[in-house]
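Thanks for coming. I will go through one structure today, and I will keep to contacts, distances and exposure.

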Amino acid sequence: MTNATDITDEQWQRLYEAALAAQKNAYAPYSKFPVGAAFLMDSGEVYAGCNVENASNGATVCAERTAIGNAVAHGERRPVALAVVTNLEAPAAPCGICRQVLAEFADDLPILMSNPEGDREFTTLDELLPHRFGPRDLPS
Ligand SMILES: O=c1ccn([C@H]2C[C@H](O)[C@@H](CO)O2)c(=O)[nH]1
Ligand SMILES: [Zn+2]
């Protein structure tokens, strides 16, 4: 199982920079809360995304979900690390919907939560979503 210590400082830095760059493209005219996210996949490739809001609030998509969609659209399936950048002083964790979406593609996942100042906190999907319902729970 991949954990934060399996990811090198260089890999975390690369992910952070990709998430920070994507955050600059966030479409967040309603919340004014831009978010960037970037996944390192088992291929070694990095895929980023940003939140894309909508005048119909419920149609808003979080950065984590546009980023995983970007990875999946490139044929990738297995994320090994995630970095999320928000403008909060205390870096924010992915929302509940995104946690469930992450659980579709990873059993566990080290997650870096950061901001443009470079403050860093680490968590994992296991910590954020214990006792989850996932693809393994469906009858085959
Ligand atoms: O982890 C998070 C939390 C929130 N948002 C977005 C959704 C919405 O556009 C804005 C405010 O909730 O932030 C994300 O992209 N990721
Ligand atoms: Zn979310």
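One term before the residues: partly exposed covers the range between buried, which is under 20% relative accessible area, and exposed, which is over 50%. R132 has 22% relative accessibility, so R132 counts as partly exposed. Please keep in mind throughout that this is a predicted model.

Since R132 is already on the table, I will start with the salt bridges. How many salt bridges does the structure hold? There are two. In one of them R132 pairs with D126, and the closest N and O atoms are 2.8 Å apart. The partner, D126, is partly exposed as well, with a relative accessible area of 37%.

The other salt bridge joins the side chains of R136 and D107, at 2.7 Å from N to O. This pair links distant parts of the chain, 29 residues apart. R136 sits in the segment after α4 (125–128), while D107 belongs to the loop between α3 (96–105) and β4 (110–114). On accessibility, R136 is exposed at 70% relative accessible area, and D107 is partly exposed at 39%. As general background, side chains of opposite charge can pair when their charged atoms come close.

Now a charged residue without such a partner, E76. E76 lies in the loop between α2 (63–73) and β3 (79–85). Is E76 buried or exposed? E76 is buried, and it has no salt bridge. The nearest side chain of opposite charge is that of R77, 7.8 Å away. A salt bridge here requires a side-chain nitrogen within 4 Å of a carboxyl oxygen, so a pair is not counted beyond that limit. What E76 does have is a polar contact, side chain to side chain, with Y47 at 3.4 Å. Setting aside neighbours within four places in sequence, the residues in contact with E76 are M41, D42, S43, E45, Y47 and A71.

E45 comes up again with R14. R14 is in helix α1 (residues 9–23) and is partly exposed, at 41% relative accessibility. Beyond neighbours within four places in sequence, R14 is in contact with L40, G44, E45 and V46. For a sense of distance, the C-alpha atoms of R14 and Q100 are separated by 25 Å, with their positions 86 residues apart along the chain.

Next, the metal. Which protein residues supply the donors of the zinc ion, ligand 2? They are C62, C95 and C98, each through SG, at 2.2 to 2.4 Å from the zinc ion. Along the chain the spacing reads C-x32-C-x2-C. Two of these cysteines fall into separate exposure classes: C98 is buried, with a relative accessible area of 1%, whereas C95 is partly exposed, at 30%.

That leaves ligand 1. Among the residues around ligand 1 are C62 and C95, along with S31, F33, V35 and T60. C62 and C95 are also donors of the zinc ion. Three polar pairs involve an oxygen atom of ligand 1. A polar side-chain atom of E53 is 2.5 Å from an oxygen atom of the ligand. For N51, a side-chain N or O atom is 2.9 Å from an oxygen atom of ligand 1. With A63 the backbone takes part, an N or O atom there lying 2.9 Å from a ligand 1 oxygen.

That is the end of my part.

Conventions: Residues are numbered from 1 along each chain as its sequence is written. Chains are lettered from A and ligands numbered from 1 in the order in which they are written. This is a predicted model: local features need pLDDT of at least 70, side-chain atom pairs count only at pLDDT 80 or more; totals for chains, interfaces and linings use all residues. Side-chain values use heavy atoms; hydrogens and water are left out. Donors are N, O and S atoms within 2.8 Å of the metal (3.2 Å for Na, K and Ca); water is not among the atoms, so sites may look incomplete. Buried means under 20% relative accessible area, exposed over 50%, partly exposed in between (1.4 Å probe, protein chains only). Helices (H or I, at least four residues) and strands (E, at least two) are DSSP runs, numbered from the N terminus. Lys and Arg count as positive and Asp and Glu as negative; His and the chain ends are not counted. A polar contact is a pair of N or O atoms within 3.5 Å; within protein, one must be able to donate a hydrogen and the other to accept it, and residues adjacent in sequence count only if both atoms are side-chain atoms. Contact means heavy atoms within 4.5 Å. A residue is near a molecule or strand if one of its heavy atoms lies within 4 Å of it.
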